[in-house]
Amino acid sequence: MTGPLLQVDGLSVAAGSGANRRGVVQNVDLRIERGEVVSLVGESGSGKSLTALAIMQLLPSGVRASSGRIVFDGVDLLELPRRAMNERRGRDIAMIFQDPLTALNPTIPIGRQIYDCIRTHADLGHRGTLTRVEELLALVGIAHPHERSRAYAHELSGGMRQRVMTALAIACGPKLLIADEPTTALDVTVQAQIMTMLDRIRYELGLAVLFISHNLDLVAEICDRTFVMYAGSVVESGPVETLFAAPRHPYTRQLLRCIPRLDWATGPMPTIPGLPPRFGDLPAGCAFAPRCDAADARCSSEKPPVWREPGRMAACWRAA
Amino acid sequence: MTKLAARCERLVASCGGPAGFFGACVIALLLAMALGAPLIAPQDPLQVSIVDQLQEPGEGHWLGTDQTGRDVLSRIVWGSRASLTVSALAVVIGLAGGVPIGLVAGFFRGGWLEQAIMRTLEAISAIPILIWAIALVGIVGVKDIQIGPLTVTNETKLLVMLGLLYVPTLARLTYTSALSESQANYVAARRLQGVGGVRIMFSDVLPNCLSPVIVQATLLLAIGIIIEAAISFVGLGVQPPTPSWGNMLASARDYLLSGEWWLSVFPGAAISITVVGFNLLGDGLRDRLDPRHIASEAGR
Amino acid sequence: MVSLALRRVAFSLFSLLVVSLVLFMLTRSIPDSPARIVLGDQATDQQIVQFDRDHGLDRPILVQYVAWLRHLVFGADLGSSFTTGRDMNRQIANTLPVTMEIVAIAFIAATLLSVTLGTLSALYRDSPIDYLARLIAVLGVSVPGFWLALVLILFFAVDRDWFPPGGIAPFSEDPASHLLSLVLPCLCLGSFYLAVLTRMTRSSLLEVLGLDYMRTARASGLHPVRVLAYALRNALVPVVTIGGVSFGHMFGWALIIEQIFNIDGMSRALLTAIQQRDYSMVQAVVMMFTLVFVGANLIADLVNGWLNPRLAAAA
């Protein structure tokens, strides 16, 4: 199969209806190749989670993809009937969520949840499925998988729950794993463990990963390419090293500047002044202009063009 | 928007929406009917008239007459007094007994005493109220009791017993709220200010416990109407000839199979409409005061 | 789970103990002593003292209570009524099954119907079935069962001959007639509960369907039916609680329904006892009612502990 695994073209998502309709994601382009690790980075409210949910076709009620294409493995997901999409979920594309405690059913043992997922997409027989469940739990680094598979979500620690969720997601061998801020709800030490585990899984299974985070630093470790989102649009994208070394968009540049470094002299920490715009309340011109340190009059009044190079883009007048 | 329209909107909102407001209106009407019975009822509810027996609804008697010629409409209007009095005063007694107990127990954690009281109340609240009400009234007897100069009617006995039966539920509800409120930071802050415990309990903790209590009280008002009707129906409540919707239904039973439908339908309709009113208001208040919808639904 | 079960059972027993004590105290503290009731107003003091001594009524109240309790717990024996002298066990054994049958049928039918309606209502919001369910909910809660009974009798039994207006034909004689005569009483008894439960199922399911773990279930690609099963497993917890409470309540309201439909159940036993001032019988019947009530609550708690292990852990 040639072509990228996932190609998102001009995706826009809107919430509400009638007079309350607001665009929450505008015209987003994404590309993920097979086996690639791509990150989607942005502040809260930048629309990154909604983009991911749109790909999975799991948008909450009242929120709908209003235009664009989401082509996965050659098929436009937005055109698929519900049953066909349901077949792909879990089997071809999977997702892990931010808060593993609320994301796992509290009344069903975790082993059973994984069992049901496998049974839905594959027929390994009862014993075969049970064995597979334990293999998966061991794969994500859970000790004593046989006993643990009978546990309930609330009986496990945060890190273990996230491992369980990962096991649930990779159970049927998907090609793409979407990880929506998987470590945000965890302690820092556990974060590192989970990141290591995800990287190992990815490598062993040859998964492509779409990693969503608000933490640029975290994703730099394991990602190949990064997409930076602001106020519902992608403002810059490119290979991680180049992005870090020479960012072309002021937002990316200012974000990088905010990452604390050990060799800083003491003094006030840099921030990006102001707040991101609320959904649907976008200013004319560039959405970032009010907070940008390099903005001029043109930025505030006209939408910036998209500067492109092979493998890179930036939506800024000053990108070139 | 005009001032009147704005005020109307606030009024509707304070009842928790249009349904709640409708319920409030129904209850207001009921209250007016009960208070203004002497003025509203077209005829004397106790006026017997042999010639007018069992008349169908029509001229002169809009809802018909009963087996002794009394006007059904007037009896329904006057009957609202019995239903409302029993229901409302029972809830008042329940609140007067239950809220202080729950408040004090939840605020001044009394160690084993608090646990004992609360456990006992929890144990007692596991009783079917209707059965106990019937049994208690049955045991005490339906005749009026003389205590010195006071005559205690059956109605009074009923509402006192019902009120006492409500105490455990209301006490536990207040207790749960008081318990969690007492541990809130603002209470600790007040204590640090040097404010006395009792004062904090009344001025800070109590108002925050009232929301679920108010909702439950409204529902208990609805239940009280039904219980009073049921008890009067089996002859243990309001005694004839005093009209009550329940005892009107009791005497209507004998005429059920012979076709005098108005004797059963109208009193029952009165009960239903009243209960709908209280339920709608209770739901509206719950939406407004307690968005988490604690499951106190089956409080019958 | 086991510790939860033990704790709940212990608490239920404690509950019954407290209640029985209160009940006992009440019935023994009324001014009309059984002696006076049986022997009449003309009885001499001598006769009354003799009566009391014969029936053990001259002992201290607590001693009487313990004796009564011992009979009840170890012998399953409610004793004989002081007033009528009849064996209360037999009386209750005759009437309890009748009431139990009506309540059980009403309960089961209402539960099945309301969970179905509530689920459909939650899944297909704002559809005709949703409106129907919500209408039933409002009406069932507001129209008192006994008025519904009168109206239905008027409508079905008087104007039409579809259902008998009262009484229950014994099953052994005529099964069809027996079942027919159960329809109206069970309908009236279950209407309130049907309404409450439909509403509860609906709101509980709606709430659960919006939770994060349902999103995970869908993300796993689970079949929609299994997704629903996952949701119901959680949504049914408050429903079970209310079920337990309602069973007990229904047992109480059966009293009124039996009176209307002329059914010879526990209500007749209770009201007759009240009429005859047979207070030991009143006490026995109320104790039975309370037993059923506490028992139903206990079962509901245990079922919930099984359904939702987090409750069991927190208990």
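Biologist: What makes β11(A) and β12(A) a hairpin, and which residue in the turn has a positive phi?

Modeller: In this predicted model, β11(A) and β12(A) form a hairpin with two residues between them, and A:G311 in the turn has a positive phi of about 80°. Both are strands, that is, DSSP runs of E with at least two residues, numbered from the N terminus; helices are runs of H or I with at least four.

Biologist: How do you know that β11(A) and β12(A) pair?

Modeller: Two strands pair if DSSP finds at least two bridges between them. Here there are four, in the antiparallel sense, so the definition is met. One of the bridges joins A:V306 to A:A315 in β12(A).

Biologist: And what makes β10(A) and β12(A) a pair?

Modeller: They have two bridges, again antiparallel, and at least two is what the definition asks for, so they count. In β12(A), A:M313 is the bridge partner of A:S237. On to β9 (residues 225–230) and β10 (residues 233–239) of chain A: that antiparallel pairing runs over six bridges, with A:M229 opposite A:V234.

Biologist: Why are β6 and β11 of chain A said to stand at the edges of the sheet?

Modeller: The open sheet has eight strands in the order β6-β7-β8-β3-β9-β10-β12-β11 (chain A), with mixed pairing. β6 (93–96) and β11 (306–309) each have a single partner strand, so one side of each is left without a neighbour in the sheet.

Biologist: Over to chain C: why is α8(C) called roughly antiparallel to α10(C)?

Modeller: α8 (residues 175–209) packs against α10(C) at about 165°, with the axes 8 Å apart. Axes are lines fitted to C-alpha atoms, for helices over the stretch in contact, and angles run from 0 to 180 degrees between N-to-C directions. Under 35 degrees is roughly parallel, over 145 roughly antiparallel, 65 to 115 roughly perpendicular and the rest oblique, so α8(C) is roughly antiparallel to α10(C).

Biologist: How many residues of chain C are in contact with chain A, and what makes a contact?

Modeller: 21 residues of chain C are in contact with 25 residues of chain A; a contact means C-beta atoms, placed from the backbone, within 7 Å. α9(C) gives the most to that side of chain C, with seven residues.

Biologist: What are the ground rules?

Modeller: Residues are numbered from 1 along each chain as its sequence is written, while chains are lettered from A and ligands numbered from 1 in the order in which they are written. As the model is predicted, local features need pLDDT of at least 70 and side-chain atom pairs count only at pLDDT 80 or more, whereas totals for chains, interfaces and linings use all residues.

Definitions and conventions
Contact = placed C-beta atoms within 7 Å.
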